[in-house]
Amino acid sequence: MPSGEPGDDAGGPRPVNGRRSELTLTVNGTPHTVILDHRTTVLDLLREHLGLTGAKKGCDHGQCGACTVLVDGRRANSCLLLAVAHDGRRVTTIEGLADGDRLHPLQEAFLDRDALQCGYCTPGQICSALGVLAEAAAGFPSHVTPHTARSGAPVALTADEIRERMSGNLCRCGAYPRIVEAVADAAGVPDVRAEVGGA
């Protein structure tokens with residue numbers, strides 16, 4: 001790790017005592033050095049220590065996706081990640097996607113498609129969707145990607161691909177058709193309303 005990067009002075013978390021360590025994570029572009037109990041999750045760090053409440057604590061078992069954030073650009077359930085194991089990592093939350101007052105294109109698409117009702121799952125849905133777009137562009141296949149697809153080539157995001165890739169994010173309000181449409185809009189995919197049964 002180059003000099004000056006978070007965590008480079010000791011090569012990892014610095015023990016304070018047998019239960020706590022000092023670590024640095026860059027969250028939404030800002031380095032944060034904190035002393036945490038080793039049992040603290042990234043989700044609890046974000047919500048309880050940094051005041052970033054966009055990522056929600058839903059099931060607290062990695063099954064609902066409400067806590068999804070991006071860690072070094074890859075989506076992850078923050079309720080399952082121990083903060084002490086992520087010293088030096090870069091975390092992006094829903095709060096870090098907008099550019100000032102200008103919303104991220106995925107946020108705009110969710111608003112345009114009315115892809116939310118109560119909004120509880122929406123931050124995790126949007127962070128997960130950002131991960132989906134990057135994974136498909138990088139050629140990572142999903143369970144529904146045709147076996148004939150060229151290895152490593154970008155994967156076309158059909159409604160089925162989007163549904164499969166977003167399946168780890170639950171929505172109790174049932175806004176799934178609109179969520180698929182919003183992700184397709186952000187991906188620049190032609191209208192998928194017929195595929196998702198929209199009007």
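Select Thr68 and Asn77: Asn77, in strand S5, is the bridge partner of Thr68. Strands here are DSSP runs of E with at least two residues, helices are runs of H or I with at least four, and both are numbered from the N terminus. This is a predicted model, in which local features need pLDDT of at least 70 and side-chain atom pairs count only at pLDDT 80 or more, while totals for chains, interfaces and linings use all residues. Residues are numbered from 1 along each chain as its sequence is written, and side-chain values use heavy atoms, with hydrogens and water left out.

**The S4-S5 hairpin**

Extend the selection to residues 68-71, strand S4, and residues 74-77, strand S5; the two run antiparallel and are joined by four bridges. Two strands count as paired if DSSP finds at least two bridges between them. Two residues lie between S4 and S5 in this hairpin, and in its turn Asp72 has a positive phi of about 50 degrees.

**Strand S2 and its partners**

Next select residues 20-27, which form strand S2; six of its eight residues are buried. Buried means under 20% relative accessible area, exposed means over 50%, and partly exposed is in between, with a 1.4 Å probe and protein chains only.

Go back along the chain to residues 14-15, strand S1, which pairs with S2 in the antiparallel sense over two bridges. Four residues connect S1 to S2 in a hairpin. To see one opposing pair, pick Pro15 and, in S2, Ser21.

Now move forward to strand S3, residues 30-37, which runs antiparallel to S2 and is joined to S2 by eight bridges. Here Leu25 stands opposite His32 of S3. The hairpin of S2 and S3 has two residues between the strands, and Asn28 takes a positive phi near 55 degrees there.

Then add residues 90-92, strand S6, which runs parallel to S2 and shares two bridges with S2. Select Thr26 to find Arg90 of S6 opposite. While the strands are on screen, note a general point: in a regular strand the side chains alternate between the two faces of the sheet.

**Two buried residues**

Select Gly54, in the loop between helix H1 (42-49) and S4. Is Gly54 buried or exposed? Gly54 has a relative accessible area of 9%, so it counts as buried. Leaving out residues up to four places away in sequence, Gly54 touches Ile94, Glu95 and Pro123; contact means heavy atoms within 4.5 Å. A distance to check is that from Gly54 to Val69, 15 residues apart along the chain: their C-alpha atoms are separated by 9.5 Å.

Next select Gln107 in helix H2, residues 105-112. Its relative accessible area is 12%, so Gln107 is buried. Which residues does Gln107 touch, not counting those up to four places away in sequence? They are Ile94, Leu97, Ala98 and Ile126.

**The whole chain**

Clear the selection and show the whole protein chain, which has six helices and six strands. Along the sequence they follow the pattern β-β-β-α-β-β-β-α-α-α-α-α. The C-alpha trace spans about 60 × 40 × 35 Å along its principal axes.

Of the 199 residues in the protein chain, 43% are buried. Among contacts with a separation of 6 or more, 50% are between residues 24 or more positions apart. Colour by element on the surface: the accessible surface comes to about 10,400 Å², and carbon and sulfur atoms hold 50% of it. These areas come from the Shrake-Rupley method with a 1.4 Å probe; for residues, only the protein chains shown count as cover.
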